[in-house]
Amino acid sequence: MTTLNLRIVPLPTDIAEKARRAAESGALDHAVIDVDSPTGYPCRHCLSWAKPGERVILFPYASIPSGHPYSETGPIFVHAEPCERYDTTGEYPADFRNGRAFRAYDANYDMIDAEVAGGNDPEAIIEKLFQNPKTEFVDARSVTRGCFTFRIQRA
Ligand SMILES: [Zn+2]
């Protein structure tokens with residue numbers, strides 16, 4: 001993310017590990033899935049596509065916590081095996097340059113703006129959303145399925 005004073009926020013490691021433990025213990029809302037497509041299963045922890053032959057866990061995640069009008073819980077994937085949390089937090093994740101929508105929220109978790117990345121320049125859209133001083137964070141989501149992918153905050 002060239003010169004932006006922004007920070008990519010991947011899924012916290014403790015949430016990924018909790019999901020792995022829940023899947024192991026057979027929780028009904030945690031499904032273990034065999035990856036069968038190179039671009040169908042984005043891991044929210046390492047922020048890369050899970051590869052065919054790997055396994056992922058599908059589980060519900062509250063990207064916007066309950067108790068707000070825009071509260072939202074939806075399905076996300078993480079690698080079933082431990083993976084390294086995305087740590088290049090000053091750079092936009094290369095695997096997700098396309099196919100993302102960006103939703104801006106204020107400090108009260110109210111959605112105040114949204115844009116779809118049409119071309120190949122998500123940084124420009126994110127930068128524009130953060131030009132609004134009320135923007136507290138921006139969530140990247142799948143354009144097609146709507147699922148939460150990662151968060152972007154001011155650095
Ligand atoms: Zn991963």
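Start by selecting Glu 17, Arg 20, Arg 21, Ala 23, Glu 24, Val 32, Arg 55, Ile 57, Ala 80, Glu 81 and Pro 82, and you have the lining of the second largest pocket on screen. Keep in mind as you go that this is a predicted model. The space in that second largest pocket comes to about 180 Å³.

Now colour the selection by class. You'll get 6 charged residues and 5 nonpolar ones, with no polar residues in the lining of this second largest pocket. Next, bring up the secondary structure. Which element gives the largest share of the lining here? Show α1, which puts in 5 residues. Helix α1 covers 13–24, and along with β5 (55–64) it is one of the elements that each supply at least two residues to this lining.

**Over to the zinc**

Select the zinc ion along with Cys 43, Cys 46, His 79 and Cys 83. The cysteines bind through SG and His 79 through ND1, at 2.0 to 2.3 Å. If you check the angles among the 4 donor atoms, expect 103 to 116°, which fits a tetrahedral site. Look at the sequence panel while you're here: the donor residues follow the spacing C-x2-C-x32-H-x3-C.

Stay on His 79 for a moment. Is this residue buried or exposed? His 79 counts as buried because its relative accessible area is 9%, under the 20% cut-off.

**The largest pocket**

Next stop is the largest pocket, with about 330 Å³ of space. Its lining has 16 residues; pick out Gly 40, Pro 42, Ser 142, Thr 144 and Arg 145, which lie nearest the centre. Colour this lining by class too, and it splits into 8 nonpolar, 5 polar and 3 charged residues. Then highlight strand β6, residues 72–79: this strand gives the most to the lining of the largest pocket, with 3 residues.

**Zooming in on Gly 40**

Finish with Gly 40, one of the residues nearest the centre of the largest pocket. You'll find Gly 40 in the loop between β2 (31–34) and β3 (42–43). How exposed is Gly 40, and what is its relative accessible area? The value is 33%, so Gly 40 is partly exposed, falling between the 20% and 50% cut-offs.

Show the neighbours of Gly 40 next. Leaving out residues up to four places away in sequence, Gly 40 touches Trp 49 and Phe 77. For a last distance, draw a line from the C-alpha of Gly 40 to that of Ala 50: they are 10 residues apart in sequence and 7.9 Å apart in space.

Note on methods
Residues are numbered from 1 along each chain as its sequence is written. This is a predicted model: local features need pLDDT of at least 70, side-chain atom pairs count only at pLDDT 80 or more; totals for chains, interfaces and linings use all residues. Side-chain values use heavy atoms; hydrogens and water are left out. Donors are N, O and S atoms within 2.8 Å of the metal (3.2 Å for Na, K and Ca); water is not among the atoms, so sites may look incomplete. Four donors count as tetrahedral if all angles lie between 85 and 135 degrees; four count as square planar and six as octahedral if opposite donors are over 155 degrees apart and all others between 65 and 115; anything else is irregular. Buried means under 20% relative accessible area, exposed over 50%, partly exposed in between (1.4 Å probe, protein chains only). On a 1 Å grid over the protein atoms alone, a cavity is a set of points where a 1.4 Å probe fits but cannot get out, and a pocket is an open set with protein on both sides within 12 Å along at least five of seven lines; lining residues have an atom within 4 Å of a point. Grid points are joined across faces, edges and corners, and a volume is the space filled by probe spheres set on the points. Helices (H or I, at least four residues) and strands (E, at least two) are DSSP runs, numbered from the N terminus. Ala, Val, Leu, Ile, Met, Phe, Trp, Tyr, Cys and Pro count as nonpolar, Asp, Glu, Lys and Arg as charged, and the others, Gly among them, as polar. Contact means heavy atoms within 4.5 Å.
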